[in-house]
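Please work through the exercises below with the sequence and the coordinates at hand. Each task is followed by a solution in steps.

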Amino acid sequence: MQNLQKLISGLRSGDRLSLSKCITLAESEASAHQDLKDELIREIEKEEYRTFRLAVTGLPGSGKSTLIDSLGMHWVERGHKVAVLAVDPSSSFSMGSVLGDKTRMTRLAASENAFIRPSPSRLKLGGIAAHTYETILLCEAAGFDRIIIETVGVGQSETMAASLSDACLLVLVSGTGDDIQGVKKGILETADFVFVNKADGPTEKQAKAYAADLQSISSLWPRRRTGQQAEVMSGSALGDIHTNELLTRLEHFFRTVLNSGTWAMHRKDQKQEWFHSVWKEWMFKHLQSSAWLRSLLQQAEHDLDKGKLVSAILPRLKQKVREKF
Ligand SMILES: Nc1nc2c(ncn2[C@@H]2O[C@H](COP(=O)(O)OP(=O)(O)O)[C@@H](O)[C@H]2O)c(=O)[nH]1
Ligand SMILES: [Mg+2]
């Protein structure tokens with residue numbers, strides 16, 4: 001426990017090694033670590049910092065990491081400390097995206113005031129939300145005031161990242177066909193900012209036209225939690241072209257959110273999200289280890305094996321569980 005206090009004071013002094021160790025501890029599923037982990041989180045949860053959490057979503061290859069390198073460096077140059085957390089449920093299958101991210105964020109990776117943490121590869125999606133939230137708290141305790149969560153823009157991960165963040169930036173590229181699909185899938189519904197990237201070289205015109213198209217339909221999208229309309233821009237992350245405009249708008253957004261009651265509301269919602277994520281994980285594990293449920297499942301599997309229909313087994317199974325709880 002004394003060691004934990006030392007670790008926590010190291011963390012609070014901004015020591016990166018302590019931060020890494022704390023994240024590893026929070027990530028640990030070993031039963032021997034659970035008490036320490038609980039104590040760590042209990043200590044950290046007491047403090048609240050007026051930081052900003054930005055989710056960056058979009059399909060692989062749209063330029064998220066490149067854009068984050070550009071935005072992050074601007075913030076570092078203005079005295080902020082920037083943490084980038086990658087959330088990629090698929091990274092347990094391939095390390096490619098993680099390595100890709102590090103090579104795209106070379107400036108941030110070399111900066112003393114930035115911290116890049118790849119996606120925890122062992123965790124399932126359910127656990128990732130809780131883990132990401134805890135990592136955010138730890139980074140904030142270490143003095144990082146701009147937290148960027150980069151996700152692959154598919155499935156639930158980007159909705160999850162948005163629910164843990166104060167603002168959501170969607171990165172699109174024109175002409176891939178995916179962008180239209182993105183609009184359909186409702187990805188836009190979580191975005192506060194839409195940045196059409198790669199508005200440079202031969203793709204400049206197309207990107208600008210696409211941004212203009214999106215802009216013209218943006219009034220049809222649902223309003224954000226802040227009551228504002230999503231803002232659409234185009235630019236080039238690679239050449240830092242027009243990322244200044246994005247920065248100005250983000251800063252304005254941050255100020256508005258901080259000065260209104262929205263920030264406190266976000267924090268409450270994010271806490272709820274964290275709580276439910278941990279609770280669901282725990283419930284699931286707990287139920288899985290229940291002898292009663294296991295024998296019920298074994299019986300069902302046996303019946304299936306004997307040729308019984310799923311549609312016959314499931315209602316009975318559900319009924320038994322309902323009676324029990
Ligand atoms: N032309 C151009 N290429 C870009 C731009 N931003 C990123 N890229 C390239 O797009 C590819 C994917 O970028 P990356 O940041 O890894 O995308 P991510 O998968 O969304 O994180 C890389 O080859 C980048 O160099 C841009 O603004 N213009
Ligand atoms: Mg990336």
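The exercises concern a helix, a sheet, a ligand shell and a single residue.

The model is predicted: local features need pLDDT of at least 70, side-chain atom pairs count only at pLDDT 80 or more, and totals for chains, interfaces and linings use all residues. Residues are numbered from 1 along each chain as its sequence is written, while chains are lettered from A and ligands numbered from 1 in the order in which they are written.

**Exercise 1.** Determine the span of helix 2 and the side on which its buried residues lie.

*Step 1.* Helices (H or I, at least four residues) and strands (E, at least two) are DSSP runs, numbered from the N terminus. Helix 2 comprises 12 residues, 16–27.

*Step 2.* From first to last C-alpha, helix 2 reaches 16 Å, close to the 16 Å expected at 1.5 Å a residue; the expected span is 1.5 Å times one less than the number of residues.

*Step 3.* A residue is buried if 20 or more other C-beta atoms, placed from the backbone, lie within 10 Å of its own, exposed if 12 or fewer, and partly exposed in between. In helix 2, Ser 18, Leu 19, Cys 22, Ile 23 and Ala 26 are buried. They lie on the same side of helix 2 because they cover an arc of only 135 degrees around the axis, taken from the directions from the helix axis to the C-beta atoms.

*Step 4.* The face turned away from the buried side of helix 2 carries the exposed residues Leu 17 and Thr 24.

**Exercise 2.** Establish the strand order of the open sheet and its edges.

*Step 1.* Two strands pair if DSSP finds at least two bridges between them. The seven strands of the open sheet follow the order 3-2-4-1-5-6-7, with parallel pairing.

*Step 2.* Strand 3 (114–117) and strand 7 (231–234) are the edge strands, each pairing on one side only.

*Step 3.* Strand 1 (residues 52–57) and strand 4 (residues 146–151) are joined in the parallel sense over five bridges, and Val 56 stands opposite Glu 150 in strand 4.

**Exercise 3.** Describe the shell around ligand 1.

*Step 1.* Ligand 1 is surrounded by 17 residues, the closest being Gly 63, Lys 64, Ser 65, Thr 66 and Leu 238; a residue is near if its C-beta atom, placed from the backbone, lies within 6 Å.

*Step 2.* Helix 4 (64–77) and helix 5 (96–104) each supply at least two residues of this shell. Helix 4 gives the most, with three residues.

**Exercise 4.** Is Glu 39 buried, partly exposed or exposed?

*Step 1.* Glu 39 is located in helix 3 (residues 34–45).

*Step 2.* Glu 39 is partly exposed because 15 other C-beta atoms lie within 10 Å.
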